[in-house]
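Please open the model in your viewer and keep the selection panel at hand. The tour below proceeds one selection at a time.

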Amino acid sequence: MKIGIKTLVIALTIAFMTGGFPAGAAASENLVIKGSTTVLPVAQKVAEAYMKERPDVKISISGGGSGNGIKAIIDGATDIGNSSRFIKGNEVKLALERGAYPVPFRVAYDCIVPVVHPSNTVENLTIDQLKAIYEGKVRNWSELGGPDKPVVVISRDTSSGTYEVWESKVLGGGRVYPGALLQASNGAVAQAVSKNDNAVGYIGLGYMSGDVKAVLVNGIKGSKETTLNGQFPISRPLFMFTRDWPEGKVVDFINYMLHPEKGQKLVEETGYVPLY
Amino acid sequence: MTGANRGSTEKIMRRFFFGVATASIALLTMIMVFLFTEGMPIFEQVSVGDFIFGKYWYPTSDPPDFGIFALIVASLAVTGVSAAMAIPLGVMTAIYLAELASRRVAGILKPAVELLAALPSVVIGFFGMVLVAPFLQRVFDMPTGLNLFNASLMLAFMSIPTICSISEDAIYSVPNALREGSLALGATQWETIIRVVLPASISGIATAVILGMSRAIGETMVVLMVAGGAAMVPGSLFDPVRPMPASIAAEMAEAPFRGDHYYALFATGIVLFLFTLFFNIVADFIAHRYRQVGEASL
């Protein structure tokens with residue numbers, strides 16, 4: 001019995017060292033992606049398509065937020081760190097201290113459009129008006145040039161990435177007032193707005209439909225064009241960071257992500273704005 | 001079969017059933033331990049008092065606020081209002097089914113009420129969101145139909161079958177001799193039901209009510225879809241609210257693993273667990289305390 005185990009161990013060691021052990025070979029082709037929950041759905045979709053094309057690569061994806069994604073890049077704990085914001089000065093400093101040189105890749109844009117019920121006559125809202133609405137200071141549509149009806153404020157849950165954009169671009173770091181109706185998804189916001197003629201909400205550009213009416217922001221229509229040329233104020237680029245200039249499977253995946261027919265097509269399907 | 005063989009079979013069977021019975025206790029204990037270990041770390045950040053009585057729930061702001069007072073009030077309000085609708089409806093239906101209905105009518109009505117319990121909660125939530133909310137808004141001119149009242153109405157739909165069928169069993173099991181005695185003394189059927197049958201079955205009815213309410217307080221999908229989700233203490237019956245289960249369900253997916261927000265959601269789960277535990281203990285207490293033992297104790 002003892003001899004049997006010994007032979008087995010030796011056989012396995014030889015198999016492993018010569019590369020004949022299948023698990024060892026597969027493990028070397030692993031790709032780890034971590035970070036922003038906003039980028040997560042795109043990354044997941046693109047990774048699935050990529051793995052279908054390259055069955056030898058195993059990609060593991062997790063969330064954790066932009067800060068965690070960049071931290072993992074600096075620590076070398078992941079190959080790609082997703083982030084819904086650019087890297088901060090102190091993070092760059094920390095990275096350089098650790099001998100890392102983070103490289104940003106812009107992979108998509110996030111564009112958030114305020115929406116109202118189709119019957120609402122309000123066409124345009126300024127950022128200041130939106131801020132006043134979401135802070136609970138404006139309670140009636142007549143103050144905004146609409147009918148004499150109460151404003152029902154619909155927002156995303158404060159933990160969602162979409163809310164995060166809204167908080168930074170519209171509320172200027174302030175808080176949505178507690179009386180706002182919080183919905184768990186873009187679809188739920190669209191549903192709630194389409195069923196309530198007092199409501200105002202906001203959804204990703206990819207979730208726009210005929211059931212709700214998009215409102216201009218500072219006179220600018222939220223669209224692919226105004227997002228890409230930077231005119232539309234409630235938008236932001238989404239990034240993937242690598243520790244150094246990427247090589248091998250990492251650069252291959254990034255190229256796939258940026259490919260107009262492959263990764264970028266999936267970006268649009270997920271509800272974000274593609275780069276081209 | 002020899003005597004020794006029979007004895008050992010007995011022993012094995014007894015051990016087997018003991019194991020099965022303790023498995024559920026072990027599972028419950030494990031879930032509780034998990035719930036508490038994942039929830040307690042938040043109290044290093046905020047005190048228990050600030051957590052339970054804090055007015056603001058902004059788990060992702062910087063600095064965050066972890067106050068679930070509005071969520072607790074929302075859960076209690078939704079449960080209370082739904083109980084106010086479901087108890088009369090459930091108990092009166094039970095009285096009708098057990099005391100008044102002909103066998104044929106009861107044969108149709110009873111399965112129909114029980115079928116209501118078979119409706120998946122997401123279907124009830126969808127019904128409330130797509131049909132009831134716009135209706136309430138249009139007819140009563142409310143700012144929004146996604147509010148405390150709508151959620152309570154949907155929860156009442158869900159707790160009526162529980163309250164009705166357990167109450168009906170309790171009323172049905174009141175010994176016939178009591179009814180016959182009452183009628184023989186000249187009481188009308190109405191007097192018999194109110195003065196004799198209901199008091200005799202009150203422990204069963206109370207248990208039914210509390211089980212129905214504990215179903216309502218823990219229900220997640222309906223309140224997530226219909227209650228509106230505003231984390232504030234409601235000022236009226238038609239304000240949007242955010243009960244505890246809705247908050248946990250909506251935010252858990254986005255909360256960073258083992259971050260403060262994650263711990264706070266588990267701690268909310270602990271509070272919710274304590275509420276349902278309290279309801280169950282009360283139900284158990286009432287069931288034992290006011291149990292109808294025989295016919296003489298009335």
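How many residues does the contact take from chain A, and how many from chain B? In this predicted model, the contact takes 22 residues from chain A and 27 residues from chain B. Select the side of chain A that touches chain B, and then pick out strand β7 of chain A, residues 181-183, which gives the most to that side, with three residues. If you colour the residues of this side of chain A by character, they divide into eight nonpolar, 11 polar and three charged.

Next, stay in chain A and select strand β4, residues 103-116, a strand that is mostly covered, since 10 of its 14 residues are buried. Three pairings of this strand can be followed in turn.

- Add strand β11 of chain A, residues 235-242, which runs antiparallel to β4(A) and is joined to it by eight bridges; here A:Tyr109 stands opposite A:Pro237.
- Add strand β8 of chain A, residues 199-204, which is also antiparallel to β4(A), with five bridges joining the two; here A:Pro114 stands opposite A:Tyr202.
- Add strand β9 of chain A, residues 213-214, which pairs with β4(A) in the antiparallel sense over two bridges; here A:Val115 stands opposite A:Ala214.

Now hide chain A and select chain B as a whole, where you will find 12 helices and two strands. Following the sequence, you pass two helices, then the two strands, and then a run of helices, in the pattern α-α-β-β-α-α-α-α-α-α-α-α-α-α. The C-alpha trace of chain B spans about 70 × 70 × 30 Å along its principal axes, and of the 298 residues in this chain, 39% are buried. Among the contacts in chain B between residues at least 6 apart in sequence, 73% join residues at least 24 apart.

Bring chain A back for the last stop, the nonpolar cores. Which residues have the most contacts inside the largest nonpolar core? They are A:Ile154, B:Val78 and B:Val226, in a core of 133 residues. Centre the view on B:Val226 and, leaving aside its neighbours within four places in sequence, display the residues in contact with it, which are B:Gly125, B:Gly128, B:Met129, B:Ala133, B:Leu146, B:Asn150, B:Ala151 and B:Met154. Apart from the largest core lies another, of nine residues, which you can locate by selecting B:Phe66, B:Tyr262, B:Ala264 and B:Phe266, all four of them among its members.

Technical notes: Residues numbered from 1 in each chain as written. Chains lettered and ligands numbered in written order. Predicted model: local features only at pLDDT ≥ 70, side-chain atom pairs only at ≥ 80, totals over all residues. Helix = DSSP H or I, 4+ residues; strand = E, 2+ residues; numbered from the N terminus. Buried ≥ 20, exposed ≤ 12 C-beta atoms within 10 Å, placed from the backbone. Contact = placed C-beta atoms within 7 Å. Pairing = 2+ DSSP bridges. Nonpolar A, V, L, I, M, F, W, Y, C, P; charged D, E, K, R; others polar. Core = buried A, V, L, I, M, F, W, Y, C linked by C-beta atoms within 7 Å.
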